[in-house]
Amino acid sequence: MAQLTAKKAGMTVLIALIVLIALTPVLWMFFSSFKSRVDIIAFPPRFFFTPTLENYVRVLGLPTLMRGLQNSLVIVPLSLLFGFILGVPVGYIFARFRFRGSSDLRFFVLTLRFMPPIAVVIPFFTIWLRLQMLDTMPAIIFTYLTISVSSLIWLTIECFKRVPIECEEAANLEGCTPFQVFTRIALPISLPSILGMCVFVFILIWNEFFLAFVLTSHWAVTMPVASAAFAVVGMEVPWGQVCASIILLSIPPLILSYFFVKFLPYFFKVS
C-alpha cells in the first residue's frame, strides 16, 4: 500500500513538473505583456512589478495589427467553412464506399498534410502573381483550403466510421438515397465529433504563418504575420508589445476551444 502511494505521489510530481515546464513560456509571455520595458529586460528577472496596460494600448492602436486581426477573423472562418463543405462529404465517401484506388487516394490526401509549406508556396505565389491576386483575401482563403480540406477529409473518415452502420442500412430500406443517408443520418450523428475536428483545423489555420508571410504583404496580412512584424521594428525588439500581440492572437482559439469542450457536449445532450 505504501509502495503504491509513493508511486502515485511520484507520478503526480512528474506530471506537475511536465505541466510546469509546458506552461512556463506561456506564463512568462503573459506576465511580460503587463510589464514595462525596464521590468522585462531587468536582470535578475523581476517577479514583482507594477502591471501596466501600455503594451496592449499601443498594440490595439496599430493599424497593421488591427487589420491582421480583422483579416484573420474573415479568412480563417471562410477557409474552414469551405473546407467543411468540400471535405466532409469526401470523408464520408472514403468511410462508406469502396472503389478502385480509394486507398491510394486516402494516402494522397494524407501526404498533403505531410507536405512542407515551402513545396506549395512557390507554385501558389506564381499563380496568384500571374492572376494579379497576390496579397488578396480570396487568394489566401483558397490557399488555406489545401489545409482545411485535406485535414477534414482525413479526420472525418474515422468520425463517420463510428456511426452505426445499422442506422444507415435502415434508412436505405426506407428508400433514402445515399445523399439523404449522409445528410439525415450520418452527418447529424457524427456532427459533435466533426465539430471537434473543426476546432482543431481552425486553430491549425489560425496559427499558420509561413504561407501568409509569403503570399501577403499589406492588405491581406493575417494576425500571425502582423504579430511577427514587431520583431523587425528597428534595432530593439519591443518585447512587451510582442507578448501583448501574441496573447491577443491566442484569445480566439482559446475561447473557441473552451466553448466546444465545455458547452457543446451539453448542448447536444439537451438537444
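**Notebook: cysteines and salt bridges**

I began with the cysteines: the sulfur of Cys167 lies 12 Å from the closest cysteine sulfur, that of Cys176, which is too far for a bond. The model I am reading is a predicted one.

I then looked at the pair from the other side. Cys176 takes part in no disulfide, and its nearest cysteine sulfur, in Cys167, is 12 Å away. A disulfide would need the two sulfur atoms within 2.5 Å. I wrote down 0 disulfides for the structure.

I also checked how open Cys167 is to its surroundings. Its relative accessible area is 33%, so I list Cys167 as partly exposed.

Next entry: charged pairs. How many salt bridges does the count come to? I noted 4 salt bridges, and I looked up three of the pairs, as follows.

*Arg46 and Asp39.* I found a salt bridge here, with 2.6 Å between the closest N and O atoms. Is Asp39 buried or exposed? Asp39 has a relative accessibility of 11% and therefore counts as buried. Arg46 has a relative accessible area of 37%, so I entered Arg46 as partly exposed.

*Arg96 and Glu168.* These side chains form a salt bridge, at 3.0 Å from N to O. Which parts of the chain does the pair link? Arg96 belongs to helix α4, residues 63-96, and Glu168 to helix α8, residues 165-173. The two residues are 72 apart along the chain, and I noted the contact as one that links distant parts of it. For burial, I have Glu168 at 3% relative accessibility, which counts as buried. Arg96 has a relative accessible area of 21% and goes down as partly exposed. The cut-off for buried is under 20%, so I did not put Arg96 in that class at 21%.

*Glu158 and Lys161.* I recorded a salt bridge between these side chains at 3.9 Å, N to O. A salt bridge is counted within 4 Å, so I kept this pair at 3.9 Å. Where do the two residues sit? Both are in helix α7, residues 137-161. They are 3 residues apart there, so about one helical turn separates Glu158 from Lys161. I have Glu158 as partly exposed, at 40% relative accessibility. Lys161 is partly exposed too, with a relative accessible area of 34%.

To close the page, I set down 0 disulfides and 4 salt bridges. I also marked the Arg96 to Glu168 contact as joining helix α4 and helix α8.

Notes:
Residues numbered from 1 in each chain as written. Predicted model: local features only at pLDDT ≥ 70, side-chain atom pairs only at ≥ 80, totals over all residues. Heavy atoms only, no water. Buried < 20%, exposed > 50% of the residue type's maximum accessible area, 1.4 Å probe, protein only. Helix = DSSP H or I, 4+ residues; strand = E, 2+ residues; numbered from the N terminus.
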